[in-house]
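Me: Please take a close look at the nonpolar core of this model and at what surrounds it. A connected account would be best, with a word on how far the model can be trusted.

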Amino acid sequence: MGTWGTGPFDSDLAGDFTDGLRGLASQQIISALEEALRRVAESGPRIDSGDEVEAVAAAALVASQIPGSKVVISCEDGPDEPLPQLPASLRALARLGPVAKVDLGRG
């Protein structure tokens with residue numbers, strides 16, 4: 001396992017997560033993103049580092065679809081195919097989990 005930067009996709013675990021989205025149907029992609037975000041949002045004060053990495057990658061993918069977002073996913077980082085239209089509920093879940101929990105966990 002390796003980490004080479006501070007970006008949401010700068011680790012082998014994040015790459016494995018986005019690679020796992022390849023070839024999935026739209027609803028399966030949405031479910032995978034939701035599951036990654038929910039694991040962290042519903043966790044206690046301690047978060048498994050693998051869950052944390054996946055949730056941050058999922059949150060970045062969700063944020064990239066918000067109109068006017070400055071989050072841009074390069075073709076090297078994200079899934080091979082464009083993401084489906086993501087439901088607004090994922091945006092709310094992304095706000096609850098990774099950023100808040102990661103900041104609390106490192107503070």
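Reply: pLDDT is the predictor's confidence in each residue, on a scale from 0 to 100. This is a predicted model, and its chain has an average pLDDT of 82, with 88% of the residues scoring at least 70. Confidence varies along the chain: helix H2 has the highest mean, 93, and helix H5 (residues 98-106) the lowest, 44. Over residues 100-107 the pLDDT stays under 50, and the model has 8 contacts beyond four places in sequence for that stretch.

Now the core. The largest nonpolar core has 23 residues, and the members that touch the most others are Phe17, Leu33 and Leu37. At least two residues of this core come from each of helix H1 (12-19), helix H2 (26-41), helix H3 (49-63) and helix H4 (88-96). In soluble globular proteins, nonpolar side chains tend to be buried together.

Leu33 shows how the parts meet. Apart from neighbours within four places in sequence, Leu33 is in contact with Phe17, Leu21, Ala58, Leu61, Val62, Leu86 and Leu90. Three of these partners, Ala58, Leu61 and Val62, are among the buried residues of H3. The other buried residues of that helix are Gly50, Glu52, Ala55, Ala57, Ala59, Ala60 and Ala63. The length of H3 also fits a helix: its 15 residues should span 21 Å at 1.5 Å a residue, and because its end C-alpha atoms are 21 Å apart, the two values agree.

Two further sites are worth describing. Ser11 lies in the segment before H1. Its relative accessible area is 8%, so Ser11 counts as buried, the cut-off being under 20%. The Ser11 side chain reaches the backbone nitrogen of Ala14 at 3.2 Å. With neighbours within four places in sequence left aside, Ser11 is in contact with Gly2, Thr3, Trp4 and Val53.

Asp77 sits in the loop between H3 and H4. Its relative accessibility is 27%, and Asp77 is therefore partly exposed, since that class lies between 20% and 50%. Not counting residues up to four places away in sequence, Asp77 touches Phe9 and Thr18. The C-alpha atoms of Asp77 and Pro8 are 8.9 Å apart, although 69 residues separate the two along the chain.

Note on methods: Residues numbered from 1 in each chain as written. Predicted model: local features only at pLDDT ≥ 70, side-chain atom pairs only at ≥ 80, totals over all residues. Heavy atoms only, no water. Core = buried A, V, L, I, M, F, W, Y, C linked by side-chain atoms within 4.5 Å. Buried < 20%, exposed > 50% of the residue type's maximum accessible area, 1.4 Å probe, protein only. Helix = DSSP H or I, 4+ residues; strand = E, 2+ residues; numbered from the N terminus. Contact = heavy atoms within 4.5 Å. Expected span 1.5 Å × (residues − 1). Polar contact = N/O pair within 3.5 Å; in protein donor to acceptor, adjacent residues only side chain to side chain.
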